[in-house]
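User: I'd like a close look at one part of this model, with the cut-offs spelled out as you go. Start broad, then zoom in.

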Amino acid sequence: MEMVLFSISSAVAIFATVMMLTQLNAVHGLLYLILSLLAVGVLFFLLGAHFAAVLEVIIYAGAIMVMFVFVIMMLNQGEKTTSQERAWLTPGIWIGPSILALILFAEVLVVIAGNDAGTGQLVNSKQVGIALYGPYLLAVELASMLLLAGLVGAYHLGKPLMAKRRVL
């Protein structure tokens, strides 16, 4: 049963990620990215890493995505963009993300109802820290360098735009 749930979650994560990459509208892409991160959280849960699953949902799907939405909202271009966004926000747009979210929710309910939630080993934050900075130290450092490079790149790409807006 867990293999079927794992396969469905993996398929949802891959499909949502592909949809996120192919969306022209940034808000629609963010919705699919949130679903992809939720699917990865379900995968962590199915693998018995409950702490990682909770962190995935709270930190990535929650806090970071809210920050992305606020940035997109701050970049609003005025009345022209508002009318364009109204045209984009038709009820049909929500069908894809809603179906994928329902699939993930149903999977979590099946796992909890089947008492498979207790099969994983409980891991506290100290064990996670020891694992991250022990055998996975190189992966953690590479991920931090990638995030730092993205932050510096975003700053340098946005800096000329902010300077032009101050002059106007």
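How much area does the chain expose, and what share of it do carbon and sulfur atoms supply? After that, please walk me through helix α2 and where it lies (residues 26–46).

Analyst: Quick ground rules: this is a predicted model, where local features need pLDDT of at least 70 and side-chain atom pairs count only at pLDDT 80 or more, while totals for chains, interfaces and linings use all residues. Residues are numbered from 1 along each chain as its sequence is written, and side-chain values use heavy atoms, with hydrogens and water left out.

On the area: the chain exposes about 11700 Å², and carbon and sulfur atoms supply 76% of that. The method is Shrake-Rupley with a 1.4 Å probe, and for residues only the protein chains shown count as cover. Of the 168 residues, 20% count as buried (under 20% relative accessible area; exposed is over 50%, partly exposed in between, with a 1.4 Å probe and protein chains only).

The chain has 7 helices and 0 strands, so-called from DSSP runs numbered from the N terminus (helices are H or I, at least four residues; strands are E, at least two). In sequence order that reads α-α-α-α-α-α-α. Take contacts (heavy atoms within 4.5 Å) between residues at least 6 apart in sequence: 71% of them join residues at least 24 apart.

Now α2 itself, beginning with its partner α1. The two axes come within 8 Å and cross at roughly 160°, which makes α1 roughly antiparallel to α2. For the fine print, axes are lines fitted to C-alpha atoms, for helices over the stretch in contact, and angles run from 0 to 180 degrees between N-to-C directions. Under 35 degrees counts as roughly parallel, over 145 as roughly antiparallel, 65 to 115 as roughly perpendicular, and the rest as oblique. The crossing is left-handed, i.e. the near helix is turned anticlockwise from the far one by less than a right angle (clockwise would be right-handed).

Who meets whom? From α1 the list includes Leu-5, Phe-6, Val-12 and Met-20, and from α2 it includes Tyr-32, Leu-33, Ser-36 and Leu-43. By class, this contact has 15 nonpolar, 5 polar and 1 charged residues. Here Ala, Val, Leu, Ile, Met, Phe, Trp, Tyr, Cys and Pro count as nonpolar, Asp, Glu, Lys and Arg as charged, and the others, Gly among them, as polar.

Three residues of α2 deserve a stop. Ser-36 has 7% relative accessibility, so it counts as buried. Leaving aside neighbours within four places in sequence, Ser-36 is in contact with Ala-13, Ala-16 and Thr-17.

Next is Leu-37, also in α2. Its relative accessibility is 16%, so Leu-37 counts as buried. With residues up to four places away set aside, Leu-37 touches Glu-56, Tyr-60, Ala-61 and Met-65. The C-alpha atoms of Leu-37 and Tyr-60 are 6.9 Å apart, with their positions 23 residues apart along the chain.

Then comes Gly-41, in α2 as well, buried at a relative accessible area of 4%. Gly-41 is in contact with Ala-53 and Glu-56, again not counting neighbours within four places in sequence. Its C-alpha atom sits 7.0 Å from that of Val-54, 13 residues away along the chain.

One last thing about α1 (residues 2–22): its axis and that of α5 (residues 95–113) come within 10 Å and cross at roughly 155°, so these two are roughly antiparallel.
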